[in-house]
Amino acid sequence: MPTSSSRPTSKQPASWAYAEQFVPEDDVLERARARAADLGVEPVSTGVAATLTVLAAAGGARTVVEVGTGTGVSTLSLLRGMADDGVVTTIDADGEAQRAAREAVAADGIRPNRARFINGRALEVLPRLTDGAYDLVLLDGDEREYGAYLEQAHRLLRPGGLLVVDDALWKGRVTDPAVRDTSTAALREVARVVLEDGNWFPTLLPTGDGLLLAVKNS
């Protein structure tokens with residue numbers, strides 16, 4: 001049965017659900033998802049989680065910044081694909097969710113020093129991180145702040161580094177010009193900037209609720 005994060009809407013074909021469930025999840029990830037449901041946190045979809053592992057592995061990622069830890073579904077997915085010495089710096093203002101993420105990482109047998117958990121607002125933490133020091137940046141925080149996150153991500157990524165923006169289609173709202181709420185407008189603007197400003201090689205995937213990928217070219 002599709003999970004709540006991989007159930008097709010009326011606009012999504014059955015093939016979308018098939019693709020979302022193509023890579024089965026193990027008990028550790030399922031428990032992290034269950035904890036997310038308990039805490040009212042929405043994790044990345046099953047398809048996005050699998051994609052994150054592939055992206056981290058394909059790029060040989062050793063240094064990753066994640067905005068939005070949640071209960072650790074995406075953190076685990078990244079760590080599983082990263083190099084053995086890779087470190088994820090993950091930021092979230094929800095301390096209880098981050099504690100659950102720590103437990104998930106420990107349950108997966110991952111060394112504690114490979115996950116650097118920072119409790120706080122992303123826009124206060126990101127400016128303290130080192131320029132050009134990261135292979136991948138994942139944005140999965142407050143959609144209304146994605147524009148500011150994007151500026152920080154460009155600074156943090158090395159040339160050739162990968163930007164990953166979750167929820168890029170935002171429940172189908174981004175494609176509907178009649179929808180103009182703050183979150184939708186912010187996501188539209190991020191997509192426009194990434195597409196038009198010349199600093200990225202972008203693509204947009206229908207995985208999960210939309211996954212915007214862009215390689216920093218300068």
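Start by selecting Thr-51, which has its place in helix H3. (Helices are DSSP runs of H or I with at least four residues, strands are E runs of at least two, and both are numbered from the N terminus.) You are looking at a predicted model, where local features need pLDDT of at least 70 and side-chain atom pairs count only at pLDDT 80 or more, while totals for chains, interfaces and linings use all residues. Residues are numbered from 1 along each chain as its sequence is written, and side-chain values use heavy atoms, with hydrogens and water left out.

**Stop 1: around Thr-51**

Is Thr-51 buried or exposed? Thr-51 counts as buried because its relative accessibility is 17%. (Buried means under 20% relative accessible area, exposed over 50%, and partly exposed in between, with a 1.4 Å probe and protein chains only.) Now add Gly-47 to the selection: its backbone oxygen lies 2.8 Å from a polar atom of the Thr-51 side chain. (A polar contact is a pair of N or O atoms within 3.5 Å; within protein, one must be able to donate a hydrogen and the other to accept it, and residues adjacent in sequence count only if both atoms are side-chain atoms.) Leaving aside neighbours within four places in sequence, Thr-51 is in contact with Thr-207 and Leu-211. (Contact means heavy atoms within 4.5 Å.)

**Stop 2: the sheet**

Next, show the strands. You should find an open sheet of 7 strands with mixed pairing, in the order S3-S2-S1-S4-S5-S7-S6. (Two strands pair if DSSP finds at least two bridges between them.) Which strands sit at the edges? They are S3 and strand S6 (200–205), each pairing on one side only. Direction ignored, neighbouring strands here are turned by 15 degrees against each other on average.

Zoom in on S4, a mostly covered strand: 6 of its 6 residues are buried. S4 pairs with S1 in the parallel sense over 4 bridges. Pick Glu-66 and you can follow its bridge to Leu-138 in S4; pick Val-64 and its bridge partner in S4 is Leu-136. S4 and S5 also pair in the parallel sense, over 5 bridges, and the S5 bridge partner of Leu-138 is Val-164.

**Stop 3: helices on the sheet**

Bring H3 back into view. H3 packs on the sheet, touching S4, S5 and S7, and its direction makes about 175 degrees with that of S5. (Axes are lines fitted to C-alpha atoms, for helices over the stretch in contact, and angles run from 0 to 180 degrees between N-to-C directions.) Helix H8 (residues 182–196) packs on the sheet too, touching S5, S6 and S7, with its direction at about 35 degrees to that of S7.

**Stop 4: the cores**

How many residues does the largest nonpolar core have? It has 29, and those with the most contacts inside it are Leu-78, Met-82, Leu-136 and Val-164. (A nonpolar core is a set of buried Ala, Val, Leu, Ile, Met, Phe, Trp, Tyr and Cys residues joined through side-chain atoms within 4.5 Å.) The elements giving two or more residues to this core include helix H2 (27–39), helix H4 (73–81) and strand S7 (211–216). H3 gives the most, with 5 residues.

Click on Leu-78 next. Leaving aside its neighbours within four places in sequence, its contacts include Leu-52, Val-64, Leu-136 and Leu-138. A second, separate core has 28 residues, among them Tyr-134, Ala-168, Val-190 and Leu-212.

**Stop 5: two loops**

Go to Gly-72, in the loop between strand S1 (63–67) and H4. Gly-72 counts as buried because its relative accessibility is 0%.

Then select the loop between S5 and H8, the place of Asp-167. Phi of Asp-167 is near 65 degrees, a positive value in a residue other than glycine. Trp-170 lies in the loop between S5 and H8, and its phi is near 50 degrees, also positive in a residue other than glycine. Asp-167 counts as buried at 10% relative accessibility, and Trp-170 is buried with a relative accessible area of 13%.

**Last stop: confidence**

Finally, colour by pLDDT, the predictor's confidence in each residue, from 0 to 100. The protein chain has a mean pLDDT of 94, and 95% of its residues reach 70 or more. Over residues 1–8 the pLDDT is below 50, and beyond near neighbours in sequence this stretch has 19 contacts in the model. Where pLDDT is low, the predicted coordinates should not be read in detail.

Key:
Two strands pair if DSSP finds at least two bridges between them.
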